[in-house]
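Colleague: I would like to go through this model with you, one question at a time. Please give the reasoning before the answer.

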Amino acid sequence: MSVNAKKIFDEALELEQEIIADRRVIHKNPEVGSELPKTKEYVKKKLAQTGCEDTQICGSGIVSTITGKEPGRCILLRADMDALNIRENTELDFRSGNGNMHACGHDMHTAMLLGAARLLKKHQNEIKGTVKLVFQPDEEGFTGAKEMLKAGVLTSPVPQAGFSLHVNSGMPSGIVLCGRGTFMAGCTLFRISINGAGCHGAMPEKGIDPINIAAHVYLSLQEITSREISAKIPAVVTIGKFMSGKAPNIIPQKAVLEGTIRTFDRELSKKILKRIETIACSTAKAFRGSAVVEEISSAPPLINNPELVNQMGDYVEEMFGAGVVYRLDEGGMGSEDFASYTYEIPCAYLLLGAGTKQENPLFGKPMHNEKVVFNEDILAKGAAIHAYCAMKWLESNL
C-alpha cells in the first residue's frame, strides 16, 4: 500500500504542539560550534522517547536509523543543530539569554527532524528500506559535515540519497524552493593577522601602526572582485570582523581581519585566497609591518542532483499542491556545509519559506539578524516533508 501524503501531513499537524515545544526549548538554549552538550542530550532524549536508538559519532553529531519490515535502499535526512554567536534582540517569550542565538533557524530544522522521526516511527512497518536521521553540529563553522563524513556517517548502512531542508526568512511561509544543479556558493573563511609595533598614540613614528595597514588591506581587497574577475562571474569577498587595540591612546601590536570568499568555482576561490595573501603581505611590507593569511575552514559549492530535486519537488506537490513548489536552475551566494554530502551521494537541499513582513511585521528580517523571527506554523509542514519524501523515495526506488 502506497504511503498517503494527506495522512502524513494530518498526523504532522497532530504533532504540531510537540514540534513547537521542541523548537522553543532548543531556541532558548542555543549552543555554538562542534560541542553542543545541552542540544545533544535533548535530541537523544527525544529520540529515545520516540523509540529510536541513536549513536553519537563525532563531537555532538547524532545518527539514528529507522528500518522498515521490507529491505530496500537507504536515504539520509539531515538537520543542523548549532547556533550563532549573536545576542538575540527579539521579544519572544522563549528568546535566548546566553549571548548566542538560533538566527539561522537550525532550531527549526532540529525540531522538524524530531517530528519526522515520530512520523516515521509510527509508519515504520510501511517503510521500504531505511531512513537515516542525522543531527549535525557546527554547520556555521563548516566543520560539522566534514567531521561527520570522516566519522563514517555514510556507512552502516550506506545511503543512496541525501535530503535536507532549510528555513528561509523573507520567503512566503510554506513555499518550497527547489534549486537544481549548483544551488549555493562555496565559502572559504579566512583570517589576516597583521603585525606592527605598539607605541604611544602621541608618537606614532616610534611604532608601526597595524590599524593603518589593515585599513589599506581592507580597501585593496575590494579590487579583487571589481578589477580581476569578470562581472559575469559571481564572486563575493566580505570582511565581517576587524579587531585591533584596547585603548584610544595606544597604537596596538596587532590587527586581525576575518572574512569570507564565496564563488561557484572551487579553483576561483583558491585563486582569490592567494591574491588576498599577496595583497595583505605586500601591503603590510610597504608599511613596515608583516601579515599572515590563513584559511580557517571552507565548504564547497552545493550541487543539487537535478533528478532527485525534481522527485522531491513532485512529492511536496503531492502533499500541498503545485502552487507551493518553485523550481529553478540558478543559485544564490549563501553557503551551506551540507554541500560536502553532495559530492559523495546524490542530494536534494530545499528551502522552506519561513515568513515575510507582509504576513507579520515580526517576520522577514534577514537570516543571521539579531531580530529575525521564523513562523512556527511551518514546523509541521517541514516534519511532514521530511517523512513523506523519505518514505516515498524509498517506495519509488526499490
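Modeller: This is a predicted model. A starting point is helix 10 (residues 379–396), which lies across strand 3, strand 4, strand 5, strand 6 and strand 16.

Colleague: At what angle does helix 10 run to strand 3?

Modeller: Strand 3 is one of the strands that helix 10 lies across. The angle between helix 10 and strand 3 is about 160°.

Colleague: Which strand does helix 8 run at about 165° to?

Modeller: Helix 8 covers residues 306–320. It lies across strand 3 (73–80), strand 5, strand 6, strand 15 and strand 16 (347–353). The angle of about 165° is the one to strand 15.

Colleague: Which strands stand at the edges of the open sheet of eight strands?

Modeller: The order in this open sheet is 1-2-4-3-5-16-6-15, and the pairing is mixed. A strand at the edge has a single partner strand, so one of its sides is left without a neighbour in the sheet. The twist from one strand to the next averages 25°. The edge strands are strand 1 (55–58) and strand 15 (325–328).

Colleague: Which residue of strand 15 stands opposite valine 176?

Modeller: Strand 6 (residues 176–179) and strand 15 run parallel and are joined by four bridges. Opposite valine 176 stands valine 325.

Colleague: Is isoleucine 75 buried or exposed?

Modeller: Isoleucine 75 is found in strand 3. Beyond its neighbours within four places in sequence, its contacts include Thr130, Val131, Pro159, Met312 and Trp393. Its relative accessibility is 0%, and the limit for buried is under 20%, so isoleucine 75 counts as buried.

Colleague: How many Å separate isoleucine 75 and cysteine 389 in space, C-alpha to C-alpha?

Modeller: In sequence, isoleucine 75 and cysteine 389 are 314 residues apart. In space, their C-alpha atoms are separated by 9.7 Å.

Colleague: What span should helix 7 have, and how far apart are its end C-alpha atoms?

Modeller: Helix 7 has 21 residues (266–286). At 1.5 Å a residue, the helix should span 30 Å. The end C-alpha atoms agree with this, being apart by 30 Å.

Colleague: Within what arc do the buried residues of helix 7 fall?

Modeller: The buried residues are Leu268, Ser269, Ile272, Leu273, Ile276, Ile279, Ala280, Thr283 and Ala284. Seen down the helix axis they line one face, because they fall within an arc of 140°.

Colleague: Which exposed residues does the face turned away from the buried side of helix 7 carry?

Modeller: The buried side has a cover that includes strand 8 (186–195), helix 6 (210–228), strand 10 (235–244), strand 12 (254–263) and strand 13 (290–299). On the face turned away from that side, the exposed residues are Glu267, Lys270, Lys274, Lys285 and Ala286.

Colleague: Which residue's side-chain oxygen reaches the backbone nitrogen of glutamate 267?

Modeller: The contact is at the start of helix 7. The oxygen comes to within 2.8 Å of that nitrogen, and it belongs to aspartate 265.

Colleague: Is the peptide bond from serine 156 to proline 157 cis or trans?

Modeller: Most peptide bonds are trans. Proline 157 lies in the loop between helix 5 (144–150) and strand 5 (161–168). Omega of the bond from serine 156 is near 0°, and the bond is cis.

Colleague: What is the relative accessible area of serine 156, and what is that of phenylalanine 142?

Modeller: Phi is positive in each, near 45° for serine 156 and near 60° for phenylalanine 142. Phenylalanine 142 is in the loop between strand 4 (129–136) and helix 5. Serine 156 is exposed at 69%, whereas phenylalanine 142 is buried at 7%.

Terms used:
Residues numbered from 1 in each chain as written. Predicted model: local features only at pLDDT ≥ 70, side-chain atom pairs only at ≥ 80, totals over all residues. Heavy atoms only, no water. Helix = DSSP H or I, 4+ residues; strand = E, 2+ residues; numbered from the N terminus. Expected span 1.5 Å × (residues − 1). Buried < 20%, exposed > 50% of the residue type's maximum accessible area, 1.4 Å probe, protein only. Arc of directions from axis to C-beta. Contact = heavy atoms within 4.5 Å. Polar contact = N/O pair within 3.5 Å; in protein donor to acceptor, adjacent residues only side chain to side chain. Pairing = 2+ DSSP bridges. Axes fitted to C-alpha atoms, helices over the stretch in contact; angles between N-to-C directions.
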